[in-house]
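Here are my notes for a first look at this one. Have the model open while you read, and go through the points in order.

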Amino acid sequence: MKNAALGALSVSRIGLGAMTMAGTYTTGRGLDDDDESIRTIHRAIELGATHIDTAEIYGPFHSEEVVGRAIKGRRDEVVVATKFGLFSHSERRRLIDSSPANLRIAVEGSLKRLGTDHIDLYYQHRVDPNIPIEDTVGTLSELVAEGKILHIGLSEASPSTIRRAHAIHPLAALQTEYSLWTRDPEAEILPLLRQLGIGLVPYSPLGHGLLTGQIRTIDDFADDDWRKTNPRFTGENFQRNLRIVDEVRAIGAETGATPAQTALAWLLTRGNDIAPIPGTKRVARVEENTAADGIELGAAQIERLNDLTPAAGARHDDANMASIDS
């Protein structure tokens, strides 16, 4: 598989997101699937998808534990990314907290769960409105000097925050939602990242599963699946967004690609500084996703994908949007 450049860090241009390995779409953690999750990570490595992305909040902690088990004895074969800042260790609950004390506890916990002495790429999961970004990046730069982390990233950060953070210590990557139905980064974020030499890691590159073409009704979701409250999966918005999937399916059929492969192949045309991390805990899905690396879209197909109808509805509910730096 070809590589992408995230600042000075080289990663496989298709990675593997480990969020669903903790059952994150529902309140259940899916512990019975741990062995399958580990097989999925091993298969991803075999196929060249060596960029593994997780976070302490996934579970919490369970996803990191699974990744740690999977990469035991294979640490040198992978680039491991994880995140801090959405869990308060003093209060033991989900809470934005990037205080130096919380950050220090977080990194030590992640290192232990992952079974490693260093984290390749360490992200602030959400910008903390109560802690200046300069202070957070200052603490992260200390961890770089100590060898506990190698590269620094931010997630869902605004252009202003990105500039301020990068001035303290070079950022390798910004993680944000980017896909055929979330084109927001193209207006301001992506040009800024390229100006500063920072890579982009799109999460949810398959639209929380909708762009796989496997979802046709929200009745297929469990009662506690949070997508049932996501504006893009509710009411008329959902029906309108299914039409986007149908267009992607039709374009992909011309090259023998699935909707998921078509969506990922489109992302790969956007630049060699973009490295999507489609999430799965199934071997079959990781095989499908990594095969997108070999799909060549024609100029006319790319143009049609570029011109798809924008997604209907906000990308998160009000509570989640409120946690995004703007």
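**Notes on the fold, a pocket and some loops**

1. Start in the middle of the sheet: Leu121 stands opposite His151 in β9. The two strands behind that contact, β8 (residues 119–124) and β9 (residues 149–155), pair in the parallel sense over five bridges. Between them the chain crosses from β8 through helix α4 (residues 133–145) to β9, and this β-α-β crossover is right-handed. Right-handed here says that, with the strands pointing away from the viewer, the path from the first strand over the helix to the second runs clockwise. Helices (H or I, at least four residues) and strands (E, at least two) are DSSP runs, numbered from the N terminus, and two strands pair if DSSP finds at least two bridges between them.

2. A word on what you are looking at: this is a predicted model, where local features need pLDDT of at least 70, side-chain atom pairs count only at pLDDT 80 or more, and totals for chains, interfaces and linings use all residues. Residues are numbered from 1 along each chain as its sequence is written, and side-chain values use heavy atoms, with hydrogens and water left out.

3. On its other pairing, β8 runs parallel to strand β5 (residues 79–84), joined by four bridges. Two residue pairs to click on are Phe84 with its bridge partner Gln124, and Lys83, which stands opposite Tyr123. Is β8 covered or open? Mostly covered, with six of its six residues buried. Buried means under 20% relative accessible area, exposed over 50%, and partly exposed in between, using a 1.4 Å probe and protein chains only.

4. Now zoom out. Seven strands make up an open sheet with parallel pairing, in the order β3-β4-β5-β8-β9-β10-β11. Which strands sit at the edges? They are β3 (16–17) and β11 (199–203), each pairing on one side only.

5. Strands β1 (residues 3–6) and β2 (residues 9–12) pair in the antiparallel sense over four bridges. Leu6 has Leu9 in β2 as its bridge partner. The hairpin has two residues between the strands, and Gly7 in it takes a positive phi near 60 degrees.

6. Helix α10 (residues 299–306) has a nice two-sided look. Gln301, Ile302 and Leu305 are buried, and they sit on the same side of α10 because they cover an arc of only 100 degrees around the axis. That arc is taken from the directions from the helix axis to the C-beta atoms. Turned away from the buried side is a face with the exposed residues Ala299, Ala300 and Glu303. As background, an α-helix has 3.6 residues a turn, so residues three or four places apart point the same way.

7. The loop between α10 and α11 (318–322) holds His316. His316 is buried, at 8% relative accessible area, and its C-alpha is 5.7 Å from that of Asn230, although the two are 86 residues apart in sequence. Leu308 belongs to the loop between α10 and α11 as well, and counts as buried at 8% relative accessibility. Its C-alpha is separated by 8.5 Å from that of Val248, 60 residues apart along the chain.

8. Have a look at the backbone between β4 (51–53) and α2 (62–71), where Pro60 lies in the loop. The peptide bond from Gly59 to Pro60 is cis, with omega near -5 degrees. Phe61 is in that loop too, and has a positive phi near 80 degrees without being a glycine. Is Phe61 buried or exposed? Buried, at 13% relative accessibility.

9. Ser204, in the loop between β11 and α7 (235–253), also isn't a glycine, yet has a positive phi of about 50 degrees. Ser204 counts as buried at 14% relative accessibility.

10. Last, the second largest pocket, with a volume of about 320 Å³. Of its 17 lining residues, the closest to the centre are Glu156, Asp184, Ile189, Arg315 and Ile324. By class, the lining has seven nonpolar, four polar and six charged residues. A pocket is an open set of points on a 1 Å grid over the protein atoms alone, where a 1.4 Å probe fits, with protein on both sides within 12 Å along at least five of seven lines; lining residues have an atom within 4 Å of a point.

How values were computed
Points joined across faces, edges and corners; volume = space filled by probe spheres on them. Nonpolar A, V, L, I, M, F, W, Y, C, P; charged D, E, K, R; others polar.
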